[in-house]
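Colleague: I would like a close look at a single part of this model, set in the context of the rest of the chain. Please start with one loop position and work outwards from there.

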Amino acid sequence: MSESRRQGDEQAMTVTAVYELPVPIWVMSDALEGSYPTGVGPVSFDVVMPLDREPVGAPPDVLEQGWTTDDAGDLIQWTVQYAATIPPSLQPAKALRRVVITNVQAPRDEQREWHTADHQLAEVIASWFDAVRTWAEILTGQDLDPGHRVYNATPIGEGLTFIEPPHDGPAGINLTTPRVRPLRAHQWGAILDAVGQDHEPPLEEILSRDARAAHRRGAYRRAILEAGTALEIALGQHVRDHKGHLKEYHQKRINDPKDHLGLGNYIDMAAAAELELAVPTDALREVKDLRNDAAHHGETPGAWATGEVVQRTINFLAAHGRYQRSADDEPDGSE
């Protein structure tokens, strides 16, 4: 966070708050017990992480010890550990449940004396979490949408009451163990700083994230459209970055602002120039065909075909996108 965000005509009042994240975010344990500058819009603040204590973490030293228990006398969850498969290189890890927000700085509003720093924090905290979770989903593949949760346990036949044979309730439960990539400490700090600086992820990364989320929720047509558009943006940028390798005719098309190129055009250009791509051009053409069928004919592919398209988009962005990743870093879309 630049010092300029901390200076200026700001309200001189102390604001400290405990914020319960709408959805827990997995972080490596070394991200705990630290303080990170962040903010959203004109409001800046520090996020103080809980202490790494078993079994549910502990409040940081900035809070009174009364915050170790709630009204019912039970331990307040600061960190939790759900059943999940985590790569050994990213252990130990915890799911972050609560943080402390302090050092809140907000612009003074002489016309609205009631619009104090605490009031402004309350107004922007939902937007702050949405920005943070977007970055976290892009970097790790975690599914953190608070509006449409995906649960690891789902009942089979919920709502049915059988007359013959007589029984009610679900016929069973589907249980899954998610594969989770926690955020490293430096990633967590970089995310909070980026949000505080109002930096957004590239559009193609957001669309890839949306494609993964849609696939998990069975919205296969939407997943195909989002993934195909993300791939078009990323491939188009990659082809333009290597336009010196293109055929003369294709170079003219690239330089013509009136020529509205699409995914198929970029695939043809890359194939003619024999550009080395992480995803073969034949596989890219399959993505293009499925995207066009979904967009123009309303066709809905199955779960397997959609998953292939989503994974190809992830692989392409990992190798050629603006945030290139190694095999150890890329999200596999299979939260």
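**A loop glycine and its surroundings**

Modeller: G57 sits in the loop that joins β3 to β4 (79-80). The model is a predicted one, and what follows is computed from its atoms. With a relative accessible area of 13%, G57 falls under the 20% limit and therefore counts as buried. Setting aside residues up to four places away in sequence, G57 touches L51, W78 and T79. I76 is 19 residues from G57 along the chain, and the two C-alpha atoms are separated by 8.5 Å.

The strand before this loop, β3 (43-48), also supplies at least two residues to the largest nonpolar core, as do β1 (17-28), β2 (35-40), β5 (93-105), α1 and α2 (185-196). That core has 36 residues, and I25, W128 and W188 are the ones that touch the most other members. The biggest contribution is from α1, with 9 residues. A second core, separate from this one, has 30 residues, including I254, L277, V279 and V310. For W188, the contacts beyond four places in sequence are I25, V27, A31, Y36, M49, L96, V132 and L183.

Next, the helix α1. Its 24 residues should span 34 Å at 1.5 Å a residue, and the end C-alpha atoms are 32 Å apart, so the two values agree. There is nevertheless a bend of about 45° at V124 in α1. After α1 comes G141, with a positive phi near 85°.

Further along, D145 lies in the loop between α1 (117-140) and β6 (153-156). Its relative accessibility is 21%, which is not under 20%, so D145 counts as partly exposed. A polar atom of the D145 side chain lies 2.9 Å from the backbone nitrogen of G147. Outside four places in sequence, D145 is in contact with V23, R133, E137 and R217. D130 is 15 residues from D145 in sequence, with a C-alpha to C-alpha distance of 8.4 Å.

Another acidic residue, E205, belongs to helix α3 (residues 203-216). E205 has a relative accessibility of 2% and therefore counts as buried. Its contacts, apart from neighbours within four places in sequence, are I138, L317, Y323 and R325.

Helix α4 (residues 220-241) has 22 residues and reaches 31 Å from first to last C-alpha, close to the 32 Å expected at 1.5 Å a residue. Among the buried residues of α4 are A223, I224, E226, L231, L235, H238 and V239. The buried residues of α4 pack against α3, α5 (248-255), α6 (263-272), α7 (281-297) and α8 (303-320).

For the chain as a whole, there are 8 helices and 9 strands. Of its 335 residues, 45% count as buried. Among contacts with a separation of 6 or more, 68% are between residues 24 or more positions apart. The chain exposes about 17300 Å², and carbon and sulfur atoms supply 49% of that area.

Notes
Residues numbered from 1 in each chain as written. Predicted model: local features only at pLDDT ≥ 70, side-chain atom pairs only at ≥ 80, totals over all residues. Heavy atoms only, no water. Helix = DSSP H or I, 4+ residues; strand = E, 2+ residues; numbered from the N terminus. Buried < 20%, exposed > 50% of the residue type's maximum accessible area, 1.4 Å probe, protein only. Contact = heavy atoms within 4.5 Å. Polar contact = N/O pair within 3.5 Å; in protein donor to acceptor, adjacent residues only side chain to side chain. Core = buried A, V, L, I, M, F, W, Y, C linked by side-chain atoms within 4.5 Å. Areas by Shrake-Rupley, 256 points an atom, 1.4 Å probe, with all protein chains shown as cover. Expected span 1.5 Å × (residues − 1). Bend = angle between axes of the 7 residues up to and from the residue.
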